[in-house]
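The following report considers selected local features of one protein model. Please read it alongside the sequence and the coordinates.

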Amino acid sequence: MASKSLYSGRDPVLKKRDDFEDILEERRNSSDLRYALRCYTPALYKGLVPCKASMLKSIVLQSDSLQYVIGQVSLECGDSREAVQEEAALLLEEMAHRLQLGTIRFFAFTLSKAFKALFRSVCVNEEGIQRLQQAIQEHPVVLLPSHRSYMDFLMMSYILYTYDLALPVIAAGMDFISMKFVGEMLRMSGAFFIRRSFGGDKLYWAVFSEYVKTMLRNGYAPIEFFLEGTRSRTGKSLTPKTGLLNIVMEPFFKGEVFDVNLVPVSISYERILEESLYARELLGVPKPKESTSGLLKARRILSEDYGSMHVYFGHPVSIRSLAQGHTSRSQYNLLPRHIPQKPTADTQAFVNDTAFRLVRLQEESMVLKPWVLVAMLLLQNPDGIDLSSLTEQADWLRRLALAFGAFLDWPDHEPCSKVISSSLALHKNLVCVSGGRVRLVVAEPSGAESTTEEAGFNKAVTVLSCASYRNQILHLFVRPALIAVAMQTANCSRKDEVFNCFNFLRNVFSNEFILCPGAAVQDFEEACYLLGKCGAVQDLQQDLVMSQNGQTTMAFLCSVLDPFLQGYQVVCRYLCEELEENLLENKFVPAVRNFTLQLILSGTLKCYEALSSDLQKNALAALIRLKAVRRVKDGDQVTLKVNKIAVNSLEDTLGGKIPTQKPVLARL
């Protein structure tokens, strides 16, 4: 049942796509109350009888693994074993879910009302549901949805209830506990709460990991968590966090379960509820604290149109099949199972590689709407574009995206002009059509004493909101775009020189995009294949040559990476020109943002995306990885020490002056 492969075939456009069903269609034609109160009898893992929450806590607290750590902590801190045991019980009480069917039925009723108001349709691939139904009965299941909105985990439970599948227990941040009533309602709908960071708290880690592993070993319910760790504010996938993935894989490594099925889930929104909120956060506006009053105030969104939503359940990935020949479980035979062990370097590398490839699977199955193509073209034409030209370019871009394997939801048998007009109408808060030209909408500064800074901020909000949609399709273009920029920069057709530039740029942007570690050659070859397939380049074994008809495609691909190249150059320029002494790390983003804003207001820089804190943090991470910047810890503070020569060299490199590098010994 489970799939071993984590990569689709070389020609992704040939991959069969599942059919979708709109689950709201029935809800619009029948009683929501009857739906909420219907008979709910999900099939469980090997016919297991569901375990009560109190019994689950008892199993965790009495487990050999937790008792071993309680003994260790007691010896280390000098407290009695009973006191540590009591502290463990309190931690578990704070953490644990209390799944109750009555609460689930309440959510089923209220969410039906809300979803019908918000979305035109919620489309689910039924074949994926059938695969999941079988997988749940065979082995413990871990659901791994993409994370773009607070709506994600609510929608996941709603869909599983709709299809009479076992409801998941969901890892949620502690932020929600402070919400009166809502926090406990979420707990009773299957949420278990975890701290954002554990530090060196050995007892907390032991309680948390044993709680998750107990649920997994016994198959009480599918476990659900977000590999990215938090919501993406940019529309791009985030670098995966492997802490929870390590925990759910450990029972397999220790031979406590025969197998575990990992199910990637891709959730795609035509319009994101938090779009302007995310843009403001990226510009330094603090994230609003989760609260019940805030939730009630957000009711006004129910009058908005958020288009359609697609949820794609991927093929279950078998850890057992995946591990064959890639990692050894023998180390776990050397100690009793209840004694904690750190994974070996090989095991950790396997977990990391699996995490990246699962996020790639999420990306490949994202359903893209026409608006993402329109957003990309609008950002490349910041002064506006004729509607006729936009329609023509969008049709060209649609064909290119399909050639690259896009999962594109483009209406059949409708003129391109009608499709584009429909997209523009849905996103009227971001774009307007006047006199036959399409432009981004910028909010007027408020108050009589408006400033140029406020006007610049408002434009940045619109640009970053629009970019969050463009970013949804970047995974499709990023590898060919890296080759396009490498060919332009290397100013040479020799394949090994182009690969050197490609590999360097790939390393620089490895925090910006999902680029699997150690897969540079594979990425290069697949990108060459796609560029050859669309007729943009000719692959002549030792040389890579742009074809006569490839100039438009290659110029477009270079423009895809342009905002990121410019943004990283601005960060380098700040560190070289403005920074006179060492800078505290927590002052870095505000300082770079202010520097960037001044460049924009003076007319020196036109790239508003350079104001994004996400891009600035990724640029800093790249500079640290390339050893151009060092982090020096002094007590509670971290100082950045800058090698200005190295940073200046990187700025030149990103500006098109790639230094000569030793050829990489690789099969090309």
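In this predicted model, L583 stands opposite L640, a residue of strand β17. The two strands concerned, β15 and β17 (residues 637-642), pair in the antiparallel sense over 2 bridges. They belong to an open sheet of 3 strands, whose order is β15-β17-β16 and whose pairing is antiparallel. The edges of this sheet are formed by β15 (583-584) and β16 (629-634), each of which pairs on one side only.

Helix α8 (residues 151-162) offers a simple check of geometry: at 1.5 Å a residue, its 12 residues should span 16 Å, and because the end C-alpha atoms are 16 Å apart, the expected and modelled spans agree. The helix is mostly covered, with 10 of its 12 residues buried; among them are the aromatic residues F153, Y158 and Y161, together with D152 and S157. Just after α8, D164 takes a positive phi of about 60 degrees.

Most residues other than glycine have a negative phi. Against that background, two further positions deserve a mention, and they are set out below with their loops and accessibilities.

| Residue | Phi | Loop | Relative accessible area |
|---|---|---|---|
| H413 | about 60 degrees | between α17 (387-403) and α18 (416-426) | 85% |
| N491 | about 50 degrees | between α20 (474-490) and α21 (495-508) | 70% |

Neither H413 nor N491 is a glycine, although each has a positive phi. Since exposed means over 50% relative accessible area, H413 at 85% counts as exposed, and N491 at 70% likewise counts as exposed.

What does a search of the whole structure find in the way of cavities of 30 Å³ or more? The search finds 5 of them, and the second largest holds about 200 Å³ of space. This second largest cavity is lined by 19 residues, of which R148, G235, K236, N471 and Q472 lie nearest its centre. The elements that give two or more residues to its lining are β7 (261-269) and α20, the latter being the helix that precedes the loop of N491. By residue class, the lining of the second largest cavity divides into 10 nonpolar, 6 polar and 3 charged residues.

How values were computed: Residues numbered from 1 in each chain as written. Predicted model: local features only at pLDDT ≥ 70, side-chain atom pairs only at ≥ 80, totals over all residues. Heavy atoms only, no water. Helix = DSSP H or I, 4+ residues; strand = E, 2+ residues; numbered from the N terminus. Buried < 20%, exposed > 50% of the residue type's maximum accessible area, 1.4 Å probe, protein only. Pairing = 2+ DSSP bridges. 1 Å grid on protein atoms, 1.4 Å probe; cavity = no way out; pocket = protein on both sides within 12 Å on 5 of 7 lines; lining within 4 Å. Points joined across faces, edges and corners; volume = space filled by probe spheres on them. Nonpolar A, V, L, I, M, F, W, Y, C, P; charged D, E, K, R; others polar. Expected span 1.5 Å × (residues − 1).
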